[in-house]
Amino acid sequence: MSSVIYRSPALYELLMRVLYATHYRSRLRAISELIEDDCEVVDLCCGPGALYRLELRGRGIDYTGLDINPRFVARLQELGANSIQADVAARSDLPKGDYLIMLSSLYQFLPGNREEDSSASDEGERSARLLVERMLEAARSRVIIAEPIRNFAQSRNPVLRRVASRLTNPGTADQPVRFDEQSLDGFFDSFEGSLERCFAIPGGREKVYVLRGRGQA
Ligand SMILES: C[S@@+](CC[C@H](N)C(=O)[O-])C[C@H]1O[C@@H](n2cnc3c(N)ncnc32)[C@H](O)[C@@H]1O
């Protein structure tokens with residue numbers, strides 16, 4: 001069962017505002033500024049749609065959000081966006097778009113954060129690396145990935161670590177494994193040929209990686 005923070009879009013949004021504090025809007029703006037008007041955006045693990053609602057809506061952008069959480073998918077539908085309920089790790093056919101993006105979600109596909117189930121054909125299919133490969137194939141212009149590099153789940157305090165790991169369970173498993181800046185940079189080293197730029201978002205909680213897509217126009 002998913003943790004309490006994923007049961008209500010409003011509660012999730014509130015927690016994000018507390019977590020990012022004064023950088024909440026500038027984080028979303030930093031992503032939005034990488035995306036031009038009048039294009040197609042596919043947002044994996046989109047949550048309840050803050051990026052769409054606060055930044056992308058009204059810019060002629062054809063936005064599709066995918067999330068495993070039916071409550072978040074319903075919220076996006078209320079906002080007027082396309083939304084699909086899906087486990088993105090289990091989909092070999094990601095929707096195509098100019099931009100394939102994923103915010104604060106890559107860690108969920110690291111070994112140790114997913115329980116095996118019968119839908120898994122092999123470990124590789126569910127790995128973070130393969131998911132990024134699929135995003136590159138589906139993106140006609142860019143893949144944009146923002147990922148936290150400072151996490152309570154990596155606190156020295158074991159109680160805080162356990163609480164953070166449980167609180168971020170999206171319904172698949174507790175989430176004890178996270179990137180830090182070094183491991184995240186190391187992860188993207190193998191995409192060096194596609195990597196265009198990377199930078200820290202305001203506040204330094206997350207790092208953004210921009211990669212050239214390989215999708216056909
Ligand atoms: C930390 S939240 C990030 C949400 C949003 N991208 C943001 O930045 O606010 C992680 C999101 O990933 C979704 N999620 C977790 N595992 C997923 C999976 N296997 N497939 C699709 N969505 C998933 C959760 O439901 C949740 O909405």
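Here is a walk through this predicted model, from the overall fold down to one helix, one tyrosine and the ligand shell.

Let's start with the whole chain. The protein's secondary structure adds up to 7 helices and 7 strands, and if you trace the elements from the N terminus you read α-α-β-α-β-α-β-β-α-β-α-α-β-β. The radius of gyration comes out at 16 Å, close to the 17 Å expected from the globule rule for 217 residues, so the protein is as compact as a globular protein of that length. If you'd rather think in box dimensions, the C-alpha trace spans about 45 × 35 × 35 Å along its principal axes. Of the 217 residues, 37% are buried. As for how the chain folds back on itself, take the contacts with a separation of 6 or more: 63% of them join residues 24 or more positions apart.

Now zoom in on helix 4, which covers residues 70–79. Its buried residues are Phe72, Val73, Arg75 and Leu76. Look down the helix axis and these buried residues fall within an arc of 160°, so they line one face of the helix. The spacing is easy to rationalise: an α-helix has 3.6 residues a turn, so residues three or four places apart point the same way. What does that buried side of helix 4 pack against? Its partners are helix 1 (9–20), helix 3 (50–56), strand 2 (62–67) and strand 3 (82–85). Flip to the face turned away from the buried side and you'll find the exposed residues Pro70 and Glu78. Just after the helix ends, Gly80 takes a positive phi of about 95°.

Helix 1, one of those packing partners, is also where Tyr20 sits. Is Tyr20 buried or exposed? It lands in between: with 19 other C-beta atoms within 10 Å, Tyr20 is partly exposed, because the buried class asks for 20 or more. Setting aside neighbours within four places in sequence, Tyr20 is in contact with Arg27, Gly203 and Arg205. For a sense of distance, pick Thr64: Tyr20 and Thr64 are 44 residues apart in sequence and 24 Å apart in space, C-alpha to C-alpha.

Finally, the ligand. How many residues surround the ligand? There are 20, and the closest are Cys45, Gly47, Asn69, Leu103 and Pro170. Sorted by class, the shell around the ligand holds 12 nonpolar, 6 polar and 2 charged residues.

How values were computed: Residues are numbered from 1 along each chain as its sequence is written. This is a predicted model: local features need pLDDT of at least 70, side-chain atom pairs count only at pLDDT 80 or more; totals for chains, interfaces and linings use all residues. A residue is buried if 20 or more other C-beta atoms lie within 10 Å of its own, exposed if 12 or fewer, and partly exposed in between; C-beta atoms are placed from the backbone. Helices (H or I, at least four residues) and strands (E, at least two) are DSSP runs, numbered from the N terminus. The arc is that of the directions from the helix axis to the C-beta atoms. Two residues are in contact if their C-beta atoms, placed from the backbone, lie within 7 Å. A residue is near a molecule or strand if its C-beta atom, placed from the backbone, lies within 6 Å of it. Ala, Val, Leu, Ile, Met, Phe, Trp, Tyr, Cys and Pro count as nonpolar, Asp, Glu, Lys and Arg as charged, and the others, Gly among them, as polar. The radius of gyration is taken over C-alpha atoms; the globule rule is 2.2 Å times the number of residues to the power 0.38.
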